[in-house]
Each structure stands twice: as C-alpha cells, then as structure tokens.
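Here are my notes for you, in numbered points. Have the model open beside them as you read.

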Amino acid sequence: MRKLRLVSVAVQPVFMLDDGENLTAMDPHPPVVIPAAEWPSYSGERFPREVAAWQAQLDGSAPDQPEPEP
C-alpha cells in the first residue's frame, strides 16, 4: 500500500513593517526548505525565535546579535 510521506516543507515568510497606520513592504525573505523531521522544532521553536530576534533588531535592543539563519 502506498502512503503519503512528507519529506520537506518550503517556507517563504512574507513580512511587512507596521507603524500602526501603514504597512511597508520589506525585501522578500528567501524560501527556506525544512526537512520534515525538523518541521516541528522549526515551526514551534526556531522560527518564533528568529522572528523575535528580527523584532529586537528593529527595536534597537539587539544590535550585536547575529543575523537569524535563513
């Protein structure tokens, strides 16, 4: 019997800067291919951590922090 098997997930986040009144487009984030085995930790841990790091950079609270992994 054949079965459906997830091997990877291609993720391409789309972000805009929100100043409360306007949305400003940002450069597109490149697609990231996540192996299926890493998807739970990527979606639940790594991606939220990277988004928090990007927000901290925008807030100016983490200027020396390395760029998040693509």
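1. Let us start with strand E4, residues 32-35, where Val32 and Ile34 make up the covered face while Val33 and Pro35 sit on the uncovered one. Helices (H or I, at least four residues) and strands (E, at least two) are DSSP runs, numbered from the N terminus. Before going further, please note that this is a predicted model, in which local features need pLDDT of at least 70 and side-chain atom pairs count only at pLDDT 80 or more, while totals for chains, interfaces and linings use all residues. Residues are numbered from 1 along each chain as its sequence is written, and side-chain values use heavy atoms, with hydrogens and water left out.

2. Now the overall layout. The protein has four strands and one helix, and their order from the N terminus is β-β-β-β-α. Of its 70 residues, 21% count as buried, where buried means under 20% relative accessible area, exposed over 50%, and partly exposed in between (1.4 Å probe, protein chains only). The accessible surface is about 5800 Å², with 56% of that belonging to carbon and sulfur atoms; accessible areas come from the Shrake-Rupley method with a 1.4 Å probe, and for residues only the protein chains shown count as cover.

3. Which strand pairs with E4? Strand E1 (residues 8-11) does: four bridges join E1 to E4, and the two run antiparallel. Two strands pair if DSSP finds at least two bridges between them. Ser8 stands opposite Pro35, and Val11 has Val32 as its bridge partner. E1 also has two faces, a covered one with Val9 and Val11 and an uncovered one with Ser8 and Ala10.

4. Next, the core. The largest nonpolar core consists of Val9, Val11, Val32, Ile34 and Tyr42, five residues. E1 and E4 are the elements that give two or more residues to this core. The term means a set of buried Ala, Val, Leu, Ile, Met, Phe, Trp, Tyr and Cys residues joined through side-chain atoms within 4.5 Å. In soluble globular proteins, nonpolar side chains tend to be buried together.

5. Two valines are good to look at side by side. Leaving aside neighbours within four places in sequence, Val9 is in contact with Val32, Val33, Ile34 and Trp39, contact meaning heavy atoms within 4.5 Å. With the same neighbours left aside, Val33 touches Ser8, Val9 and Ala10. Val33 belongs to strand E4 and is exposed, with a relative accessible area of 60%. Its C-alpha atom is separated by 8.8 Å from that of Gln12, 21 residues away along the chain.

6. Where does Pro30 sit? Pro30 is in the loop between strand E3 (23-25) and E4, and it is partly exposed, with a relative accessible area of 45%. Beyond its neighbours within four places in sequence, Pro30 is in contact with Val11 and Gln12. The C-alpha atoms of Pro30 and Val14, 16 residues apart along the chain, lie 9.4 Å from each other.

7. On the surface, Leu17, Met26 and Leu58 make a nonpolar patch of about 260 Å². Patches are made of residues with over 30% relative accessible area and no salt bridge; like charges are joined within 9 Å, and nonpolar side chains (Val, Leu, Ile, Met, Phe, Trp, Tyr) within 5 Å. Leu17 lies in strand E2 (residues 16-18) and is partly exposed, with a relative accessible area of 34%.

8. Finally, how many salt bridges does a search of the whole structure find? One. The term covers a side-chain nitrogen of Lys or Arg within 4 Å of a carboxyl oxygen of Asp or Glu. Glu50 forms this bridge with Arg46, their closest N and O atoms being 2.9 Å apart. Both residues lie in helix H1 (residues 39-59), four residues apart, which is about one turn of the helix. Glu50 and Arg46 are both buried.
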